[in-house]
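Student: I am new to this structure and would like a close look at one part of it. Could you take me slowly through the pockets and what lines them?

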Amino acid sequence: MKRIGVTGHRSIPDAGLAHVEEGLRNVLGGQPGPLEALSSLADGADQLFAAIALEHGAELTVVIPSGDYEETFRDPHALAAYRRLKDRATQEVVMAFPRSTDEAYYAAGTYIAETCDRLVAVWDGLPARGHGGTGEIVAYARALGKPVTVIWPEGVARD
């Protein structure tokens, strides 16, 4: 079974959303054989990746950064989507952090990078805004020698 993990921004500008969706569909739809998708189901790229992976028949493994992760969702729609996707997961991995911290996010991101065969990064190419951010996880995966597919529309800046 091929394992594809995701790291990405929580905020995808409307101007880039169609490009990101198409890129994710191309990556996930072009995989022969069984597929496992690894995601933390954060709002934005993680949830979009997981939903598209499930559409393509992948098994979903949810990597939860902390015991209070659900409490970090400020948007009720994002929380509802998180719960729906989590309910469809085949496997759940919970990091050993009681609270959501940068360390917890880093642990979840590095777990995904270590476990996957390929990392998909919905990433604008800029440095991470905090420990455990997208840029840091991409660098970590590359240091491990993992192939990384970056999806981001040229000329689009995130908030």
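Tutor: Let us begin with the second largest pocket, keeping in mind that this is a predicted model. The lining of the second largest pocket divides into three nonpolar residues, one polar and four charged, and the residues concerned are Arg10, Asp43, Thr72, Phe73, Arg74, Asp75, Ala78 and Tyr105. The space inside the second largest pocket comes to about 240 Å³.

The largest pocket, for its part, has a volume of about 510 Å³, and of the 29 residues that line it, the closest to its centre are Gly8, Arg10, Gly132, Gly133 and Thr134. Two or more residues of this lining come from each of β1 (2-8), α4 (102-115) and α5 (134-143), with α4 giving the most, namely five residues. By kind, the lining of the largest pocket divides into twelve nonpolar, twelve polar and five charged residues. Arg10 therefore deserves a second look in the display, since Arg10 is listed in the lining of the second largest pocket and is also among the residues closest to the centre of the largest one.

Ala78, which helps to line the second largest pocket, leads on to a pair of helices. Helix α3 (residues 76-87) packs against α2 at an angle of about 35°, their axes being 11 Å apart, and the crossing of the two is left-handed. On the side of α2 the contact is made by Gln47, Ala50, Ala51 and Leu54, and on the side of α3 by Ala78, Ala81, Tyr82 and Leu85; these residues divide into seven nonpolar, one polar and no charged.

Notes:
Residues are numbered from 1 along each chain as its sequence is written. This is a predicted model: local features need pLDDT of at least 70, side-chain atom pairs count only at pLDDT 80 or more; totals for chains, interfaces and linings use all residues. Side-chain values use heavy atoms; hydrogens and water are left out. Axes are lines fitted to C-alpha atoms, for helices over the stretch in contact, and angles run from 0 to 180 degrees between N-to-C directions. Helices (H or I, at least four residues) and strands (E, at least two) are DSSP runs, numbered from the N terminus. A crossing is left-handed if the near helix is turned anticlockwise from the far one by less than a right angle, and right-handed if clockwise. Contact means heavy atoms within 4.5 Å. Ala, Val, Leu, Ile, Met, Phe, Trp, Tyr, Cys and Pro count as nonpolar, Asp, Glu, Lys and Arg as charged, and the others, Gly among them, as polar. On a 1 Å grid over the protein atoms alone, a cavity is a set of points where a 1.4 Å probe fits but cannot get out, and a pocket is an open set with protein on both sides within 12 Å along at least five of seven lines; lining residues have an atom within 4 Å of a point. Grid points are joined across faces, edges and corners, and a volume is the space filled by probe spheres set on the points.
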